[in-house]
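Reader: I should be grateful for a close look at one part of this structure, the largest nonpolar core. Which domains give residues to this core?

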Amino acid sequence: MRKLYLDAIALKHNDEIIDLQTASALGIEGEPIELDNSPEALEVMRHSTAHLMAQAIKSLYTNAKFFVGPVVKEGFYYDFKVDEEIGTADLKKIEKQMINLAKKKFEIERYEISMEEAKLKFGNDELKLDVLKRIPDSKVSIYKQGDFEDLCRGPHLPSVRNIRFFKLTKIAGAYRGGDSKNEMLTRIYGIAFADKESLKAHMTMLAEAEKRDHRKIGNEMKLFTFREEVGAGFPIWLPAGGRLRARLESLLFKAHRKRGYEPVRGPEMLKSELWKTSGHYQNYGENMYFTSIDEVEFGVKPMNCVGHIKVYEDELRSYRDLPIKYFEYGVVHRHEFTGALHGLFRVREFTQDDAHIFCTVEQIEEQIIEVVDFVDKIMTTFGFEYKMMISTKPEKAVGDAIVWEKSEAALVAAMKANNLPYEIDEGGGAFYGPKIDIKITDAIGREWQCGTIQLDNNLPARFELEYNGEENEKIQPVMIHRAILGSFERFIGILTEHYAGEFPMFIAPTQVAIIPIADTHKEYAKILSDKLIDINADSMIYDKNDSLNKRIRTAEKSRVPMLIIIGDEEVEGRTVAIRDRVSREQYNLSEEEFLTLIQTKLNEVNF
RNA sequence: GCUGGCAUAGCUCAGUUGGCUAGAGCAGUUGAUUUGUAAUCAACAGGCCCGGGGUUCAAAUCCUCGUGCCAGCACCA
C-alpha cells in the first residue's frame, strides 16, 4: 500500500528532497514536506516559481529559449534568450502572466526520456543542448505544466496552484555557463514565499538594507565622494571621512607596534624591471598602471611587497633577527573593470593595512596564529562574524609545485594544530602563494573578503632573499603577506553599513555635538571643544542662527553619538546637559565627569 | 570588459506628444528673532539640463560617440 500525502508538496528521503511525482514513479516514501517557509519547502516552491516564470516568458515571447533556472540564496533565477529586448518594465508584465498561469492550476507532471531522445527533442535548441552536455546520466527528466515543458532535475510542486506569493526582483545579463567567453543571456531573479507576510517582510528587509548602503550614508554624512572628472574608482575623502579614517589608522598603528611591527614605506612606483622579477608584470600587468620617463618604464605599485623586500635587503639578516615584521598603510592602484567598481567596496586606488613578516620555516605556525589572533581582536571589537578560508594554487601561478604543496600544507597544519575552523577554496590563491582569507559578514548578510594571510616562498626565491643561519649558512626566509582590514576603503564601507552610519564613539568622525542655547553660551562651547581636542575627541559646535530645536534636530540627524547642550545653568555650574544618542538618555554631568566619560569611551577600545 | 538601465542646482527630485524666461523642497547667504531638548519667519542667491558631434525653424527632451553612475554577470582587497 502506498502512503497518501495529503498536505505534502514533496518528501524528504535520506536527507534528499524528492517531489511527489518522482516519489510515486519510483515508489519512494519519506517525511512529508508541507507548504511553509521551511528551507526545503522554499527550495521546491522557488524552483517551481522559476519554471512558472519560464512558462510565462515562453507564452509572451514564443521564440524564448531557456538555459538553467536554479534556486539560489536570494531566491531563484532563470537564464534565457529572446530576440526582443527585455527591460525592467517588462517584469510587471511577466509577473502578471505568471499569476494568470498559476490560476489555471496546471498539474506539474514528470516523465523520463533517454539522453538520445532528449538530444533529438531539443535538437534545435542550442541552450538545452548545452545543458544536456553537462549531464552525465543516460536518462533525463522532463517536467510539464500545461503546454510548457522543460528539461529539469526537479524537485517541483505538484501543481502551479501553490505558487502565489512571489516577486520578480531583478533583470540583468549573465554569461552562459558563468563563462565570460560565452555569449550573454538574460537573467531574471525572483523570490517566493509560502505566505504574503513573509514576502512583504522580505521586501521590507531589502528596503532597509538599501537605507544603510554606504554610498548613500557616505554622501549624507559627508564621508567621501567620487567625481566624474577625477576618474572612476578614485575616492575623495571628505573631512568627516578623514577623521573617521584617522581614528582607525591610529588605533591600528598602536596595535601593530605592540606586536613588533616596524613602520616602513616604499615608493609609489618602481621600475618595471622589479615587477618582472616579482612576476607581477607577467601575471598582473594588465591591471597595473605604467608610465615611461627618460625611456625607463615604471609601474605604479599594485601591492606593497616589493618595497618591503627592498627594506629587508637593506641589511644582512641573521636568524637572530627573525621574525622581521614591516607594516605600511600602502596606497596601491589596480585597474579594475569598470563594471566591478562599487562605492568604496571596489575602487582603483586604495590603502591596504599591509604587512610582511619575514621568518624561518619553523616560525610559520606561530606567526600565523599571532595574525589570526590579531584579526580576531579587531573583528570582535567591531562585532563582526567571520570565517577563514584557505585558498590553494590558482591557474595563473609562479613557483614550482612542491613549494606550493609545502606552503599549502603549512597553512592547513597551522589551522589544525590550533583547532581553528576553516574551509578550502580550491584555486583561489594569489599567484605567488596560498592564503587564508578572512571573510566577514556585513549587516545585510553579504560576505566580504577583508583580511588575508598569504604564505609566500616564491618572492623570496625570485629576489634571492636570505639570512645567515647558525652555521653561517645562507638560508631563504619565508615571507608572510598579511592585511587585516584589507583596505581602509572597503573596511570603512563595510563598517558604515554594519553600523548604518551610527558609528560607536571610538571610531565616529565626531564624538560630541555641542549645542549652545544662545550666543552668550558660545564661549563655553569653545572652551569645551578645546578640552575635548586635548583628550583626542572631536566636536562640532552647532551655533548657527537657528532655533534650539532645529539645531538639536540637525545634530541628531548627523549621527554624532553624543550631544551636549549648554545654557545659563551649565555655564554657571560648569556642567553639561548630555543627550546620549546611543542609550537615548538625558542627564547632567560636571565638566570633569563629562571629559572623563569621553576619555573612558575612547580608551576602552584597544586592538 | 559584457547585458540592460540612468545622468536636470551642493543634496533629493519635478519638467506634457521637441515649443515661451528650466521649477520645488532641503542645504547655502542675508536680515529679523536669542531660543532649555527633533524643522521660527522673511528675502536673496544658486543651472553650459554630464561632455563632443548631429537631426530640426526650434533640443533638457530625438539620434550618435564619449564620460560617469546603477543592477547583475565575469573579475577581485
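Author: **The core and its domains**

The centres of domain 1 and domain 2, taken over C-alpha atoms, are separated by 42 Å. The model is predicted: local features need pLDDT of at least 70 and side-chain atom pairs count only at pLDDT 80 or more, while totals for chains, interfaces and linings use all residues. Residues are numbered from 1 along each chain as its sequence is written, and chains are lettered from A and ligands numbered from 1 in the order in which they are written.

Chain A is divided into domain 1 (8–209), domain 2 (218–498) and domain 3 (512–603), with bounds that come from an automatic or database domain assignment.

A nonpolar core is a set of buried Ala, Val, Leu, Ile, Met, Phe, Trp, Tyr and Cys residues joined through C-beta atoms within 7 Å; buried means that 20 or more other C-beta atoms, placed from the backbone, lie within 10 Å of a residue's own. The largest such core has 75 residues, and Leu-244, Val-512, Ala-513, Ile-514, Leu-563 and Ile-564 touch the most other members. Helix H12 (residues 364–382) gives the most to this core, seven residues; helices are DSSP runs of H or I, at least four residues, numbered from the N terminus. Because domain 2 and domain 3 both give residues to the core, it lies between them.

Ala-513 is in contact (C-beta atoms, placed from the backbone, within 7 Å) with Ser-539, Met-540, Tyr-542, Ala-555, Ser-558, Val-560 and Leu-563, leaving aside neighbours within four places in sequence. A second, separate core of 50 residues includes Leu-52, Tyr-78, Leu-185 and Ala-192.

Conventions: Buried ≥ 20, exposed ≤ 12 C-beta atoms within 10 Å, placed from the backbone. Helix = DSSP H or I, 4+ residues; strand = E, 2+ residues; numbered from the N terminus. Contact = placed C-beta atoms within 7 Å.
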